[in-house]
Structure formats: structure tokens, C-alpha cells
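The exercises below are meant to be worked with the coordinates open, and each task is followed by a solution that proceeds step by step.

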Amino acid sequence: MGTIGQHLLNGMMQGTIYGLVAMGFTIFFGVMNVIKFSHGDVLTVGAFAALVAVWATSALGMPVYVQFIAAFIAAMILTAVVGAGISHFLIMPLRNAPPLNMLLMTMMVGTLLREAIRLFFPNGTNPQRFPELLPAGGFSLGRSFFRFDALILIVAGVASIGVVYWIINRTKFGLAMRAVAEDVETARTMGINFARVIPLTFALGSLTAGFAGTIYGLYYSEINYGMGLLLAVIGFTAAIVGGLGNIWGAIIGGYLFAGLQTLVVAAMPSMSDYKNVFAFVLIIVLITWRPTGLLAERGSERV
Amino acid sequence: MSALPSHKPARVWPLIVAVAFAAASLTTLVLIENQKLLGLTLAGIAALCFAAARFGGVAATEAAASENPWLLRGLVLIAAMAVLFVLRDDNFGLLMVATVLIYATVCIGLTIQMGYTGLTNFAAAAFVGTGGYTAAMLGQKGGLPDIVVLISGGLIAVFIGSLLILPVLRTRGHYAALTTLAFGVMFTVFLDANELLGGPQGLKIPGINLFGWDFSDDLHIAGYTFSFYVNYVILTGAVTALTMVLTGLLDRSWIGVWLDVVRLDETAASVFGLKVGRWKVLAFTLGNFLAGLMGAIYAKMTGFIAPSNFTFGDSLVMVSIVILGGIGNRWGVLPAALIVVLLPEKLQFIQEYRLLLYALVVIVILVVQPDGLVARRVRTLRMEARS
């Protein structure tokens, strides 16, 4: 029974990362009706930015907590800029194009980011070791062992989900965002600066990816150029399962996916290589049963 | 029954010139080794195509082709024989031509799915891989004639596709895209983990033997020796040609019109009594069959397959070919496949940057020219005056 705690902690950690990624997908979809598939690769960009920040600060001899903070700040700033740039130069010009074109375009943007990291980051083809910045110890409870770093990262991740939720529901900017999501034309007649809200929304969504990327690096101690693709598919899946455009749905979807993976690993340790395959099969069955997600998308189709 | 009064029979020579030009360009591109010369040739071909489009050459060719379909087919056959004769002992060149034809056929299947019917499929490489692994597994068992093995490649791809068809039909838009996307990404994850299918190391496969015609023997015809790859070029060329003809017939039939309606407006289609689901299933099945069949041929030709041949990136490359050729334009797929497959092989320095460049090119095309390089024509109804 000792491993149950381990599985629980691991699942919580993964669920938090997936939830953060899915939240980005659902924010973009809610505001612009687009799937920004490059989101996972923006996360990778964030993780590499964090790595560079840690290298730079440790070369300057800064204390560990400065390195830790620098990692998060560098990741979030760079991903916010990349996200806003993608929305301004690529998504806005194509917003009246067919959804397929948009999806394909963002897939290609993701490929571009992925390949750019692989080709231009020093030794980018190989996985990069991410330095361990958090205290290594842990404590035992019963027969399970809890790592401190995992607990700290889960708390940080859940807190960031809370902050984003607060921004969307309690601030003026969040109100503007929700207004644009509801109806662009009406929002504009009410004096909302559409051209400013959109890039800011994408910056907000993307910086959660940068945050998630840094958490990923700190937890797994290793990052690679291709990690964003699988995270994007999982995040997209989680957002779909929860119902696109629904923040709570995305978070629930993220934890559900992590739960399914963990269940496969815990129940059938010999099949753990197939954990993603099983999780996806179950998810595909789920969306066949509920074609618009668990928490249904609001609104009807205009014909 | 005669054509409109102003309608004169189209002249035939532009068609002859166009086919000869295409054959000559193909041969030159395959043969050139020097990279600067290749760049110049490409620029020259592009300039000639542009000039032909500018001065009505393309329209004249199209008119001639649509009036004389059998002349077109005959000319293509003659041109193909000429190309094969020139390239007869160039193993690498012939392998590339066969690969281009395989990609082109898979992308015609994708054109039926995405271009005609509007179904998204981000797992083309996974369906190709399904066919390839089917051929490998059946080949290891042995005993089955190769024609059965190749067809089973297509059928198993259809079967795997049919497992996805229910979610594809039940869901719409982005929800439907997820299904093939997840399958495309999961395919390699599954293969990497599966020891029975060779894991990351992949599988070896023997060559094709169709009705006693052994594909690994060189051909000797009239004193000339042809490399054994000619066999594969003939087979893939025949399949591509047949696919082109059948897809053309499909597009010109009522089914083609119905597929268009399903793509353009599902609600309107069902209002007019079209069984939307039926036509989606048809298009999905046809495309997956082509992918699986070509995957089986590809596996047999290269003699070796591994999960890394069928990644999500490869699926995106295939979608890029469809976009590059003009979404829904089946003729555009041929030059697009040629460029996408040939260039990285020829220009060694871009081999490494291949995916990066495709991504850039597709982004630019989608922003600047959303219908693809050579847009599909809107259907025209030729009124035949009855007297």
C-alpha cells in the first residue's frame, strides 16, 4: 500500500501541469475561438528560458532562491512575449479563415518553435539536465515518502491556477476579456480596446505555459525540445474533455487525464509504457459519449 | 448535340508541350547533383510555369486535357517510359521517384478527406505506418501472396480508421480534430513500447513478388539493363495513375458534388436529404485505404520500417503537401510532393532544417494565400447547347 501516496503525489503533480496547459487552451478558445496548438511548444520555450536564466544567475554566483525566482520570471516574460507575438502577427490576420487553416497554422508555429530549439539551442537535440533548486529531502507518512520539492511545486501550481482564475473573474482586465469572449462587436461598442485585450489575453495564457514549463523542469530535472508536443496534445485533450471555453472544465480535464494515467501505472505496472495510449483511448471513448465535453459548451450554433 | 456556337476544339500541342516539359523537369531534377545548378534549374522551371500561367498556356493545356482525356493518358504513359529509360540505372533517383509517387498517392487520399469532404486528418503518417507494419507482420508469417499482403495493408488501415470513425462522426470541428491528432501522436508511442512489433529498432521486410514477378531482380529489355527499382516505380506509378483517374471520376460525379456540399455546409446538406455521415465515412475510408496500401508498398520497397518513419511530424508534412498543392487540387499534389520529397534529399544542407522550412513555408502560404499555392477551381457547369 506504500506506493499509493507516491502515485497520488505524482498524479497531482502531472494533473497540475496538464491543468495549467489546458487552461491556456481554453482561454484562447474562449476569447478567439481558436485552438492555439503551439501552446505546448511555447511551454518548451519557457522551460528553456528558465534553464538559461538558472545558468546565468548561477554563473554570477547568485543564491539558489534568486536562481529559482529568475527561472520563473524569465520563463514567464519570454512566453508572454512569444504568445502575444503569435497572436498579433499570425492569429489576428487569420481570424476569419476556416478553423482548419488556423489549427494547421498554429501546429506549424509549434513545429517552428520546436525545430528552432532543436537546431539553434546549444546541443539542443539531446535532453538538457535541469538543475535541482529545491530542497532534496522529504518526509515519510506511513510507508509513503513525500518529496518536499513535489509538494512545493504542487502548491505553486495550484496557487497560479487560482491567480489566473482571480484575474479572469475579479479584475477589470478579466471583465474585458470575458466581454470580448461573449461578443466582440458589443464589447467594442462598450469601449473595450479589442486590439489590446487580445494580445494581453494571449500573453496571460502563454505565461501560464511558461510557469508550467518551469515546474516541469524543476520536477523532472530534465527537459527536451520535443516535450511540448505531447503536453499540447494532452492539454488540448483535457480542455476538450472539460468542454472548450470552460476554465473549470479544463482544470478538471487535466486532473482527470493525470488520474487515468496514474491509474494505469498503478494497476498495471508492466503496461506503464502504454499509459498515454490507454488514457487517450479512454478520452476518445469519453468524447464519443459526450461530443462537446463533460461540462457542455454554452450557446448554440447559428445557421 | 454540339458545343456552344463559339466553342472551338482546343489545340492539342500545348498539352504535348506541357507533358514533355513536366517529364524533362522531373528527369533533370532527379539527375542534377550540383546544388547551384539545381537552384538555377528550379528557378528556371518556376519562371517557365509562371510565364505559362501568365500567357494562357496553362488554360490552353487544361482545355486540351479536358477534351482529350485519352490523349493525356497516352502522353503521360509515353513520358513515363521515357523518364524510366533515361533513369534506368540510377538506383537513388528511381527510389526517389517511387517515394514521390507514394507520397503523392497518400496525399491524393488526404485531398479526398480534407479537400473534398472537409474531414480533418492529422494522422496520415500513422495510417501509412499501419499499412507498413501490416505488410511486415504478414511478410514474417509468410505464405500469403504479396498482392494479398499489399491489399491487407490498405484494409487494416481502413479497419483502424473505422475505430475512429464513430468519434469523428459524433464530434465536430476541433473536437473531431482531436481524435486523429491523438491517434497520430499515440501511434509512435505505441510502436516504441511494443516489443512484438520490433520496438524502436523496427522491422525488416522482404521485397515484393507479384505473380512470379520478382521485384528485386534487374530487368533486361532489348539489350538494356534496368535497375530493380524500376519495378517499384512502375507499380507505384500505376497505382498513382489509377488513383488520379478514379479520383477525377469521383470528383466529376454526383458524389463529388455531394462531398463538396458536406464540406461547405453540413446543415444545408442534411436539409437537402444528404446522409452526411455516409459520405464522411466514404471519404475517410478511401483516404485511409490509399494510405495503408502505399504504406505497405513503401515498407516492401525500403525493406525496413521503424516508428520514426511515421511520426506526427510526417503527418504534418503530408498535410503541407496538400496545402502546398492547393487544398482540393489533386493535380497540384504531384509537383508539391516532388518538391517536398526531392529538395531535402538533393540539398544536403537543408536536410537538417527540413521541418523548420516546411513549417515556415506553410505559415507564409496560410497567411498570404489561404487557398494554397494553386487554388482549386470552383466547379463550372458547361452548358451543352442542344439543337
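Two residues are taken to be in contact if their C-beta atoms, placed from the backbone, lie within 7 Å. The structure to which this is applied is a predicted model.

**Exercise 1. Describe the overall build of chain A, and say what share of its contacts with a separation of 6 or more joins residues 24 or more positions apart.**

Begin with the secondary structure, which for chain A comes to 11 helices and 4 strands. The radius of gyration of chain A is 19 Å, close to the 19 Å that the globule rule gives for 303 residues, and chain A is therefore as compact as a globular protein of that length. Along the principal axes, the C-alpha atoms of chain A fill a box of roughly 60 × 50 × 40 Å. Turning to the interior, buried residues make up 49% of the 303 residues in chain A. As for the contacts in chain A with a separation of 6 or more, 76% of them are between residues 24 or more positions apart.

**Exercise 2. Establish how confident the predictor is in each chain and in the model as a whole, and find where in chain A pLDDT stays under 50.**

For chain A the mean pLDDT is 85, with 96% of the residues reaching 70 or more, while for chain B the mean is 81, with 92% of the residues reaching 70 or more. The model as a whole scores ipTM 0.83 and pTM 0.84. The stretch asked for is residues 299-303 of chain A, for which the model has 1 contact beyond four places in sequence.

**Exercise 3. Characterise the side of chain A that touches chain B, by element and by residue type.**

The contact draws 37 residues from chain A and 34 residues from chain B. On the chain A side, the elements that give two or more residues are helix H4 (99-120), helix H9 (227-242) and helix H11 (275-289). The largest share there, 14 residues, comes from H4(A). Sorted by type, the residues of this side divide into 29 nonpolar, 6 polar and 2 charged.

**Exercise 4. Examine the positive phi values of Asn123(A) and Ser221(A), and decide whether each residue is buried, partly exposed or exposed.**

Asn123(A), placed in the loop between H4 and strand E1 (128-129) of chain A, has a phi near 55°, a positive value in a residue other than glycine. Because Asn123(A) has 7 C-beta neighbours inside 10 Å, it counts as exposed, the cut-off for that class being 12 or fewer. Ser221(A), in the loop between helix H8 (194-220) and strand E4 (222-223) of chain A, has a positive phi of about 60° although it is not a glycine. With 13 C-beta neighbours inside 10 Å, Ser221(A) counts as partly exposed.

**Exercise 5. Compare the length of helix H6 (residues 124-141) of chain B with the expected span, and ask how far the helix is enclosed.**

At 1.5 Å a residue, the 18 residues of H6(B) should span 26 Å, and the end C-alpha atoms are 26 Å apart, which agrees. Of these 18 residues 15 are buried, so H6(B) is largely enclosed by the rest of the structure. Just after H6(B), Gly142(B) takes a positive phi of about 75°.

**Exercise 6. Carry out the corresponding analysis for H13(B).**

The 13 residues of H13(B) should span 18 Å at 1.5 Å a residue, and the end C-alpha atoms are 18 Å apart, in agreement. Since 13 of the 13 residues are buried, H13(B) is largely enclosed by the rest of the structure. H13(B) is followed by Gly326(B), whose phi is positive, near 95°.

**Exercise 7. Identify which residues of the largest nonpolar core touch the most other members, and trace the contacts of Val106(B).**

Among the 201 residues of the largest nonpolar core, those that touch the most other members are Val106(B), Cys107(B), Met318(B), Ile321(B) and Ala337(B). Helix H5 (residues 91-116) of chain B gives the most to this core, with 16 residues. Leaving aside neighbours within four places in sequence, Val106(B) is in contact with Ala124(B), Val128(B), Leu290(B), Ala291(B), Met294(B) and Met318(B).

Note on methods
Residues numbered from 1 in each chain as written. Chains lettered and ligands numbered in written order. Predicted model: local features only at pLDDT ≥ 70, side-chain atom pairs only at ≥ 80, totals over all residues. Nonpolar A, V, L, I, M, F, W, Y, C, P; charged D, E, K, R; others polar. pLDDT = per-residue confidence, 0-100. Buried ≥ 20, exposed ≤ 12 C-beta atoms within 10 Å, placed from the backbone. Expected span 1.5 Å × (residues − 1). Core = buried A, V, L, I, M, F, W, Y, C linked by C-beta atoms within 7 Å. Rg over C-alpha atoms; globule rule 2.2 N^0.38 Å.
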